[in-house]
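Here's a walk through a protein model, taken piece by piece. Keep the viewer open and follow along as we go.

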Amino acid sequence: GSVQRVVVAPVDGFLEQVNVRPGDSVKSGQLLAELATQDLQAERMRRRSELAQHENVYKAALARADRTQLVINQARAAEAQAQLSLVENQLQRAQLRAPFDGIVIKGDLPQQLGAPVQRGEVLLTLAPDDRYRLIVEVDERDVALVDAGLHGRLVLTAEPNAVFDFSVVRLLPVAVAADGRNFFEAEGALEAAGKTLRPGMRGVAKIAAGRRSAAWIATHRLFDWLRLTAWSLGA
């Protein structure tokens, strides 16, 4: 996805309800999961009781024209109101909702119902289902031929009959080591995204990096290896 948004636990608590699984499409504002709120409900009732008590004392002081008690209980009522607003906000945040239209790509939570969660813990990861970025793994031996602005074509394993055009947006400057090789990541932008695309799909991309003779294509890597070997041996 062009962006990824994580949905985290806003407070310490327990997972009470889960409505989605990875692969599900969601709409903005849709309820994804909910934390248990029994403790917060009890806290809200206590704060409401405190606020009502301070307001009653404030009204009594107002009737007696007791300026000292009036000021003290006005401050206490304001503090109780602030605490109540905080609890109300926590209750609202206990309902985890989708920030945009998209697809759930991580977070298989139905197996964890009733499990404790900590504040800040990542529960779900979402990505938009209509905007993507393409990451092309460019071998370090070919990285000198790739630059921003070049165009290419992509065929996905899941859709071998469809060809997607893209353009290179930028080349990340740091190499990545994986599977016994070094490569650079070229970020590309798809010119048209198909409805069947999903984040994490893989395939084969070809970038138009100029024309070369067949002999150069067949032998340049061998000659580059020979030059590097000869230089390392001091030749």
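One thing up front: this is a predicted model. With that said, let's begin at strand S10.

S10 pairs with strand S14, residues 203–207, in the antiparallel sense, and five bridges hold the pairing. If you want a landmark in that pairing, look for Leu156, which stands opposite Gly203 in S14. S10 also pairs with strand S11, which covers residues 159–171; this is antiparallel too, over six bridges. Here Val155 is the residue to find, standing opposite Val163 in S11. The connection between S10 and S11 is a hairpin, with two residues between the strands.

Now colour S10 by burial. Side chains in a regular strand alternate between the two faces of the sheet. In S10, residues 151–156, that alternation shows up as follows: Gly152, Leu154 and Leu156 point to one face and are buried, while His151, Arg153 and Val155 point to the other face and are not buried.

Next, go to the start of the chain. Which strands make up the open sheet that includes S1? There are four of them, in the order S1-S8-S6-S3, with antiparallel pairing. The edge strands are S1 (5–8) and S3 (25–26), and each of these pairs on one side only. S3 is joined to strand S6, residues 102–106, by two antiparallel bridges, and Val26 has Gly102 in S6 as its bridge partner.

Strand S8, residues 122–127, is where you'll find Thr125. Is Thr125 buried or exposed? Its relative accessibility is 7%, so Thr125 counts as buried. Leaving aside residues up to four places away in sequence, Thr125 touches Gln4, Arg5, Val6, Ile103, Val104, Ile105 and Lys106.

Compare that with Val3, which sits in the segment before S1. Val3 has 40% relative accessibility, so it counts as partly exposed. With residues up to four places away in sequence again left out, Val3 touches Leu126, Ala127 and Pro128. Val3 and Leu126 are 123 residues apart along the chain, yet their C-alpha atoms are separated by 8.5 Å.

There's another open sheet of four strands, and its order is S5-S4-S2-S7, again with antiparallel pairing. S5 (95–97) and S7 (116–117) stand at the edges with a single partner strand each, so one side of each has no neighbour in the sheet. S5 runs antiparallel to strand S4, residues 31–35, and three bridges join them. Among the residues involved, Ala33 has Leu96 in S5 as its bridge partner.

That leaves the helix. H3 covers residues 214–232, which makes 19 residues, and it reaches 28 Å from its first C-alpha to its last, close to the 27 Å expected at 1.5 Å a residue. Where is the kink in H3 centred? Look at His220: the kink there is about 45 degrees. After H3 comes Gly234, with a positive phi near 85 degrees.

Finally, the aromatics. The count of aromatic pairs comes to zero. There is, however, a charge over a ring to look at: Arg212 lies over the face of Trp216, at 5.1 Å from the ring centre.

Terms used
Residues numbered from 1 in each chain as written. Predicted model: local features only at pLDDT ≥ 70, side-chain atom pairs only at ≥ 80, totals over all residues. Heavy atoms only, no water. Buried < 20%, exposed > 50% of the residue type's maximum accessible area, 1.4 Å probe, protein only. Pairing = 2+ DSSP bridges. Phe/Tyr/Trp six-rings, centres within 6.5 Å; stacked < 30°, edge-to-face > 60°. Lys NZ or Arg CZ within 6 Å of the ring centre and 35° of its normal. Expected span 1.5 Å × (residues − 1). Bend = angle between axes of the 7 residues up to and from the residue. Contact = heavy atoms within 4.5 Å.
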